[in-house]
Amino acid sequence: MSTDTSSPMGDPESNGRSVESLETVAIRFAGDSGDGMQLTGTQFTSTTAIVGNDLATFPDYPAEIRAPAGTVAGVSGFQIQFGSLDIHTPGDRPDVLVAMNPAALKVNLPTLEPGAMIFVNTDAFDARSCEKVDMPETVLEDDTLHAFRVFKVPFTTLTRGALEESALTTREKDRCKNFLALGLMYFVFGRPLEHTEKWLDQKFAKKPDMADANKRVLRAGFNYGVTTETIATTYKVAPAPIKPGTYRQVTGNTATAIGFVAAAKLADNDLFLGSYPITPASDILHELSKYKHFGVRTFQAEDEIAGIASAIGAAFGGSISITTTSGPGLALKGEAIGLAIMTELPLVIVNVQRGGPSTGLPTKTEQSDLLQAMYGRNGEAPMPVVAAATPADCFDTAIECVRLATKYMTPVMMLTDGYIANGAEPWRVPDVEELPKIPVQFRTEVEDFKPYERDVVTLARPWVKVGTPGLEHRIGGLEKAEGSGNVSYDPGNHEHMIRRRAEKVDRIANDIPDAEVIGDTQGDLLIVGWGGTYGALRAATTVLRKRGHKVSHMHLRHVHPMPKNVEPMLRSFGTVVAAELNLGQLRHILRERFLVDVKGLNKVQGQPFMVSEIVSKIEALLGSPSQEAVL
Amino acid sequence: MSVATPLVKLSRNDFKTEQEVRWCPGCGDYAILAQFQKVFPTLGIPREQFAVISGIGCSSRFPYYMNTYGFHTIHGRAPAVATGLKIMNPELSVWVITGDGDGLSIGGNHLIHAMRRNIDLNIVLFNNQIYGLTKGQYSPTSEFGKRTKSTPYGSVDTPFMPLSVALGAEASFIARAADREQKLLGDILTEAAKHKGTSFVEIYQNCPIFNDGAFFNITEKGTKDDNQLVVEHGKPLVFNKGKQGVIFDCYNPRVVNVDEVGLEAITIHREDGPLGYHLALARMHGPELPTALGVIRRVERPSYDELVNAQVETEIDKKGRGDLRELLQSGHRWTVEG
């Protein structure tokens with residue numbers, strides 16, 4: 001939490017309390033999987049966006065749908081950082097923890113700094129629940145929490161009290177208690193209730209008693225704040241200076257989905273998605289299945305292979321085609337990706353990375369599929385790889401991938417990760433006119449048609465819709481003769497085609513923007529990142545530069561081929577550090593490609609980078625540049 | 001599949017390609033290719049509306065020899081590739097060419113799900129009961145105990161019967177043909193083309209190199225009369241030049257002499273009959289029973305591609321064709337003033 005210097009003010013809405021102004025706050029809502037913490041977090045996020053703060057969120061939930069109640073394994077958390085300035089991450093350590101039960105307290109206590117506020121549901125701290133997580137029943141009374149500002153709130157009792165006259169069952173009433181927590185946080189941070197109330201009316205349009213109950217509890221939470229004397233101070237977080245425009249909240253997965261709908265529209269074509277459900281990518285399938293009136297056909301296939309195979313079939317037919325998956329699914333798709341490379345069909349493969357190997361950590365984030373994306377196929381099988389940097393950037397990345405796939409007649413790998421896929425940020429909705437056009441030319445001319453005749457600039461072969469008279473032709477996974485596309489076992493032709501396919505991908509480097517650089521183009525240390533670590537690396541770089549270090553940050557969206565400024569940048573700094581959530585996969589590629597002694601800043605814990613850990617490791621490295629700096 | 005009147009009358013030669021056909025001499029695939037090239041021009045479908053999709057194996061070289069749109073994909077995945085193509089291009093006549101290894105081993109999953117969905121594909125499985133292209137290992141349809149390169153002491157795998165699999169997978173059209181029964185093969189391909197939904201055709205196909213004569217008792221003079229029963233909808237199940245017939249008793253088939261029981265006692269074949277009957281009929285085999293060829297089951301139910309595209313049309317009728325601006329502006333929004 002960063003405080004600005006202004007003194008407490010007499011605010012007419014402060015209910016007689018002192019009001020403190022803050023620049024940034026990070027709140028973590030934590031409870032049992034069934035406690036509705038994700039919903040609470042999302043609602044707090046929507047209201048916070050609407051009042052004009054910048055923000056970033058991090059939902060962190062278990063793989064089990066309903067882990068045993070009250071256990072550490074079943075804790076579901078949602079963290080949001082918001083502020084009056086640019087926010088790039090959900091915050092390293094929460095300033096405020098809302099703990100709905102002992103398990104939530106137990107899991108999150110180690111993440112808190114002394115002085116953090118903890119709101120606990122005292123009703124949940126009975127002997128049995130405390131014993132379940134190996135905590136003394138006296139935890140709220142003894143000195144375990146002495147370093148923190150603890151607010152003991154009987155959430156369940158207050159909820160039942162607010163719903164005394166309701167006809168709902170006790171069980172149903174108790175399920176509303178997350179709205180009590182939400183109402184209380186709205187009070188503490190001076191947010192209006194109306195957006196959530198409106199949302200409840202819409203959500204429960206057919207169950208007005210449920211809408212009413214939740215609204216009552218929300219208000220009861222707010223009013224509890226007003227009346228209780230334990231909360232002496234409330235906080236004000238002024239709106240951030242945000243570029244004017246219309247905004248909406250998006251997660252990376254939603255942005256990916258509507259990005260592809262937009263891309264198909266921009267290409268004046270219909271969209272096909274072949275996909276098999278897999279965490280954390282399934283939400284893209286869910287979202288796209290809603291857009292039938294955009295001509296989108298989603299196909300829930302029998303397995304990962306059928307997901308991509310059906311997309312290849314649709315691409316052969318002339319549609320904008322995609323498949324979505326996560327790491328283990330990508331492994332299954334490898335052979336089919338090779339087919340798309342050999343048949344030179346446009347296709348986008350979205351890999352929402354998660355912790356691996358094998359089943360790994362399905363709900364946790366990681367960047368450990370970069371080498372799989374680059375090389376995970378038999379034969380010489382290069383393909384473009386583009387990685388989205390933030391939740392909103394998934395929209396632009398989806399469009400970019402379709403542009404490259406159709407222009408160069410190649411499959412394209414789009415990498416996101418669990419962190420940006422589920423995380424949300426405000427997104428300035430673009431005007432349709434701002435979006436790039438995707439001009440797609442289908443071959444219809446019969447004369448001199450050769451299925452593998454290449455465009456002189458892009459080396460792309462022609463795309464023909466099945467059904468075009470006179471252009472009947474056969475393609476397949478066997479090596480093709482240049483031009484005719486007939487099966488060819490000719491040794492010289494094989495090497496020629498291998499080199500042509502690689503060169504086609506390499507030529508994309510002429511058609512992409514420079515990698516974004518935060519800071520100067522030369523200095524002592526360059527942090528190179530890619531994908532979803534953008535926010536943390538950028539925030540850390542800002543801190544380091546404020547402290548006077550000559551540090552810059554270069555971020556790769558186009559990972560293969562790389563933008564042209566990458567090499568000169570790598571050569572313009574005393575030290576280069578590749579910071580990534582794996583054991584050094586980008587580092588490996590940079591060292592191999594540019595023969596630069598890139599160092600690694602690595603973390604593989606299923607969790608995103610914390611800004612503070614990057615800052616401290618980079619400072620250590622600046623003090624002693626010979627070390628490897630592995631986190 | 002919409003059957004349009006072709007502008008140009010097509011002939012067998014229109015479906016031949018310049019590629020040299022490279023199956024082994026005497027391979028049953030030649031006869032099957034000849035029937036395809038004979039049947040396709042008669043279907044009233046323009047040539048560019050045909051797509052022939054295959055996996056991997058001897059049979060899967062097929063698309064290279066058909067002058068249509070063609071796709072030689074990867075092992076076992078042809079039904080999935082064809083599914084994506086058909087969903088987005090429902091007007092096409094899409095044919096999947098597969099074999100017993102490609103379709104029932106590595107690709108078994110895709111095959112059953114295509115049939116369950118009833119996608120409007122024509123799936124033709126060349127069953128030679130052996131792996132030919134990898135040079136002679138047993139396949140999932142090879143008989144128990146078969147000695148092959150990979151089973152020198154005899155296979156201990158129980159085989160699939162492709163039509164049983166198809167029926168278990170809810171197939172709406174199943175038929176069996178044989179490479180050496182040319183006219184019947186042509187008729188069955190024509191019926192398969194006409195059927196809306198997945199048509200599954202098993203073709204007994206001789207591999208002269210690794211499994212020669214596997215079906216000769218069903219297809220060759222001297223033995224075939226005793227062992228082959230061609231079924232026809234509404235007609236009694238008779239074989240052996242009408243001398244013998246099959247009676248189904250609680251789905252149990254038994255062979256009778258027609259002159260002993262009378263023709264009226266013989267079971268009448270119904271393509272829309274009960275599933276249990278179709279299963280028992282499809283599973284008949286020697287030495288006690290004849291093997292059934294022909295269209296065994298044909299029932300009507302909506303195809304997946306039809307339903308998917310109907311949903312798209314319904315939503316467009318209801319909401320209007322999706323507008324990009326509206327899409328971007330949907331959901332909870334707020335405005336930040338300059």
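# Exercises on a predicted model

Chain B contains 12 helices and 12 strands. The structure is a predicted model, and the exercises below address both of its chains A and B.

## Exercise 1. Overall description of chain B

Task: State what box the C-alpha atoms of chain B fill and what percentage of its residues is buried.

Solution.
- Step 1. Along the principal axes, the C-alpha atoms of chain B occupy a box of roughly 95 × 45 × 45 Å.
- Step 2. Chain B has 338 residues, and 57% of them are buried.

## Exercise 2. Helix 6 of chain A

Task: Determine whether the end-to-end distance of helix 6 of chain A agrees or disagrees with a rise of 1.5 Å a residue, and whether the helix is covered or uncovered.

Solution.
- Step 1. Helix 6 of chain A comprises 12 residues, 177-188.
- Step 2. The expected span is 1.5 Å times one less than the number of residues, so for helix 6 of chain A it should be 16 Å.
- Step 3. The end C-alpha atoms of this helix lie 17 Å apart, which agrees with the expectation.
- Step 4. A residue is buried when its relative accessible area is under 20%. By this criterion 12 of the 12 residues of helix 6 of chain A are buried, and the helix is mostly covered.
- Step 5. The buried residues include Lys177(A) and Asn178(A) as well as Phe179(A), Leu182(A), Met185(A) and Tyr186(A).
- Step 6. After helix 6 of chain A comes Gly190(A), which has a positive phi near 60 degrees.

## Exercise 3. Two charged surface patches

Task: Identify which residues form the negative patch and which form the positive patch, and classify Glu447(A) and Lys207(A) by accessibility.

Solution.
- Step 1. The patch of negative surface charge brings together Glu445(A), Glu447(A), Asp448(A) and Glu453(A).
- Step 2. Glu447(A) belongs to the loop between strand 16 (424-428) and strand 17 (474-476) of chain A. Its relative accessibility is 58%, so Glu447(A) is classed as exposed.
- Step 3. Arg66(A), Arg171(A), Arg175(A), Lys203(A) and Lys207(A) form a positive patch on the surface.
- Step 4. Lys207(A) sits in the loop between helix 7 (194-203) and helix 8 (208-227) of chain A. With a relative accessible area of 48%, Lys207(A) is partly exposed.

## Exercise 4. Salt bridges at helix 16 of chain A

Task: Describe which parts of chain A are joined by the pairs Glu479(A)–Arg501(A) and Glu482(A)–Arg500(A), and state whether the partners are buried or partly exposed.

Solution.
- Step 1. Over all chains, the structure has 51 salt bridges.
- Step 2. One salt bridge joins Glu479(A) to Arg501(A), with the closest N and O atoms 3.0 Å apart. Glu479(A) is in the loop between strand 17 and helix 16 (491-506) of chain A, whereas Arg501(A) is in helix 16, so the pair ties together parts 22 residues apart in sequence.
- Step 3. Glu479(A) is buried at 9% relative accessibility, and Arg501(A) is buried at 5%.
- Step 4. Glu482(A) forms a salt bridge with Arg500(A), the closest N and O atoms being separated by 3.9 Å. This pair links distant parts of the chain, 18 residues apart: Glu482(A) lies in the loop between strand 17 and helix 16 of chain A, and Arg500(A) lies in helix 16.
- Step 5. Glu482(A) is partly exposed at 27% relative accessibility, and Arg500(A) is partly exposed at 22%.
- Step 6. Salt bridges with shared partners connect Glu344(A), Arg454(A), Glu482(A), Arg500(A), Glu503(A), Lys504(A) and Arg507(A) in one network.

## Exercise 5. The pair Lys599(A) and Asp597(A)

Task: Give the N to O distance for the salt bridge of Lys599(A) with Asp597(A), and state whether Lys599(A) is buried or exposed.

Solution.
- Step 1. The two side chains meet in a salt bridge with an N to O distance of 3.9 Å.
- Step 2. The relative accessible area of Lys599(A) is 8%, so Lys599(A) is buried.

## Exercise 6. Sequence separation and distance in space

Task: For Glu20(B), Met117(A) and Asp490(A), give the location, the accessibility class and the C-alpha distance to Tyr64(B), Glu287(A) and Ala167(A), respectively.

Solution.
- Step 1. Glu20(B) is located in the segment before helix 1 (29-39) of chain B and is exposed at 57% relative accessibility. Its C-alpha atom is 9.0 Å from that of Tyr64(B), 44 residues away along the chain.
- Step 2. Met117(A) is in strand 6 (residues 117-121) of chain A and is buried at 1% relative accessibility. Between the C-alpha atoms of Met117(A) and Glu287(A), 170 residues apart along the chain, the distance is 37 Å.
- Step 3. Asp490(A) belongs to the loop between strand 17 and helix 16 of chain A and is partly exposed at 41% relative accessibility. The C-alpha atoms of Asp490(A) and Ala167(A) are 80 Å apart, with 323 residues as their separation along the chain.

How values were computed
Residues numbered from 1 in each chain as written. Chains lettered and ligands numbered in written order. Predicted model: local features only at pLDDT ≥ 70, side-chain atom pairs only at ≥ 80, totals over all residues. Heavy atoms only, no water. Patch = residues over 30% accessible without salt bridge, like charges linked within 9 Å, V, L, I, M, F, W, Y side chains within 5 Å. Areas by Shrake-Rupley, 256 points an atom, 1.4 Å probe, with all protein chains shown as cover. Salt bridge = Lys/Arg side-chain N within 4 Å of Asp/Glu carboxyl O. Lys, Arg positive; Asp, Glu negative; His and termini not counted. Charge placed at Lys NZ, Arg CZ, Asp CG, Glu CD. Helix = DSSP H or I, 4+ residues; strand = E, 2+ residues; numbered from the N terminus. Buried < 20%, exposed > 50% of the residue type's maximum accessible area, 1.4 Å probe, protein only.
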